[in-house]
Amino acid sequence: MHPFRSDIDFQSGAMSRGVLRTRRVSDMLDYFADKGAAREAAEDRDPLVYQYTTIDLPEESGHVLHGMTTIYPGLVGREYYMTKGHYHRERAAGEVYLCLSGLGKLVMEREDGETAVLDMEPGTACYVPPYWAHRACNVGEKPLVFFASFPGHAGHDYGTVEQYGFANRVENHGGKTVVIDPMPEGRGL
Ligand code: M6P
Ligand code: ZN
């Protein structure tokens, strides 16, 4: 393969090459906590929640997949717009998120119940170690834009998150950002 470059707009997250995918509320009905609010939004104007571009590379170890994600500002019920979130199919594969614009929270959890939340703001690189599921939430008023990079063989497992969700949810309560943690004292694991 020949080396190549891509050009990125830090404000919009647009990337000059790669495959663009979009996620609307209707694509994520099972992901938001307030199913009624999600159904209503989907039936109304079905807003775009996020879009992401991934450079089209062979999904095999040795390659470094990378791309851009833009999460728009908004709420479904009280929950901020967010990515679906996923484990890597190959659990032992990590990832790096570099925030370029906007404000976010990176919500992570492990299958043994361990959880973590990191703030994302322009200039922060967040490391998702192997075995951690990850989801980004936009808690600001403008698009949250970040660059992500992960091993080619990682793969995406959405099924586990779709079935069990994330323990922690990021919500807006009266203008304040709140991380809802059902077990703040730990999971005793
Ligand atoms: C980041 C990376 C990608 C991911 C995308 C959207 O760019 O983590 O691997 O596909 O965000 O997130 P999700 O796959 O959870 O919808
Ligand atoms: Zn990932």
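Two strands count as paired when DSSP finds at least two bridges between them. Keep that in mind for the close-ups below, which all come from a predicted model.

**View 1. Three strands, E8-E7-E10, make up an open sheet.** The pairing here is antiparallel. Strand E8 (115–120) and strand E10 (132–138) sit at the edges, and each has a single partner strand, so one side of each goes without a neighbour in the sheet. From one strand to the next, the twist averages 20 degrees.

**View 2. Zooming in on the pairing of E7 with E8.** Strand E7 covers residues 104–110, and six bridges tie it to E8, with the two running antiparallel. Where do you find the bridge partner of Glu 109? Look to E8, where Thr 115 takes that part. Gly 104, meanwhile, stands opposite Met 120 in E8. The hairpin of E7 and E8 has four residues between the strands. In that hairpin, check out Gly 113, which takes a positive phi near 100 degrees.

**View 3. Now for the open sheet of six strands.** Reading across, the order goes E1-E2-E3-E11-E6-E9, and the pairing is antiparallel. Which strands are at the edges? They're strand E1 (19–24) and strand E9 (125–128), each of which pairs on one side only. Ignoring direction, neighbouring strands in this sheet are turned by 20 degrees against each other on average.

**View 4. Walking through the six-strand sheet, pair by pair, from E2 to E6.** Start with E2 and strand E3 (residues 64–71): they run antiparallel and are joined by five bridges. Thr 54 stands opposite Gly 67 of E3. Next come E3 and E11, which pair in the antiparallel sense over eight bridges. Gly 67 turns up again here, this time opposite Ala 148 in E11. Then there's E6, joined to E11 by five bridges, again with the strands running antiparallel. For a residue to look at in that pairing, try Ser 101, whose bridge partner in E11 is Val 145.

**View 5. Ligand 1 and the residues around it.** There are 13 residues around the ligand, and those that come nearest are Tyr 50, Thr 69, Glu 95, His 156 and Tyr 158. Thr 69 puts a polar side-chain atom 2.6 Å from an oxygen atom of ligand 1. With Gly 85 it's the backbone that matters for this view: one of its polar backbone atoms is 2.9 Å from an oxygen atom of ligand 1. His 156 brings in its side chain, with an N or O atom 2.7 Å from an oxygen atom of the ligand. How much of ligand 1 does the protein bury? Taken alone, the ligand exposes 370 Å², and the protein buries 98% of that.

**View 6. Same ligand, now with its pocket and the strands around it.** Ligand 1 takes up the space of the largest pocket. Which elements give two or more residues to the shell around the ligand? They are strand E2 (48–54), strand E6 (95–101) and strand E11 (144–151). You've met these three in the order of the six-strand open sheet, E1-E2-E3-E11-E6-E9.

Conventions:
Residues are numbered from 1 along each chain as its sequence is written. Chains are lettered from A and ligands numbered from 1 in the order in which they are written. This is a predicted model: local features need pLDDT of at least 70, side-chain atom pairs count only at pLDDT 80 or more; totals for chains, interfaces and linings use all residues. Side-chain values use heavy atoms; hydrogens and water are left out. Axes are lines fitted to C-alpha atoms, for helices over the stretch in contact, and angles run from 0 to 180 degrees between N-to-C directions. A residue is near a molecule or strand if one of its heavy atoms lies within 4 Å of it. A polar contact is a pair of N or O atoms within 3.5 Å; within protein, one must be able to donate a hydrogen and the other to accept it, and residues adjacent in sequence count only if both atoms are side-chain atoms. Accessible areas come from the Shrake-Rupley method with a 1.4 Å probe; for residues, only the protein chains shown count as cover. On a 1 Å grid over the protein atoms alone, a cavity is a set of points where a 1.4 Å probe fits but cannot get out, and a pocket is an open set with protein on both sides within 12 Å along at least five of seven lines; lining residues have an atom within 4 Å of a point. A molecule sits in a cavity or pocket if more than half of its atoms lie within 2 Å of its grid points.
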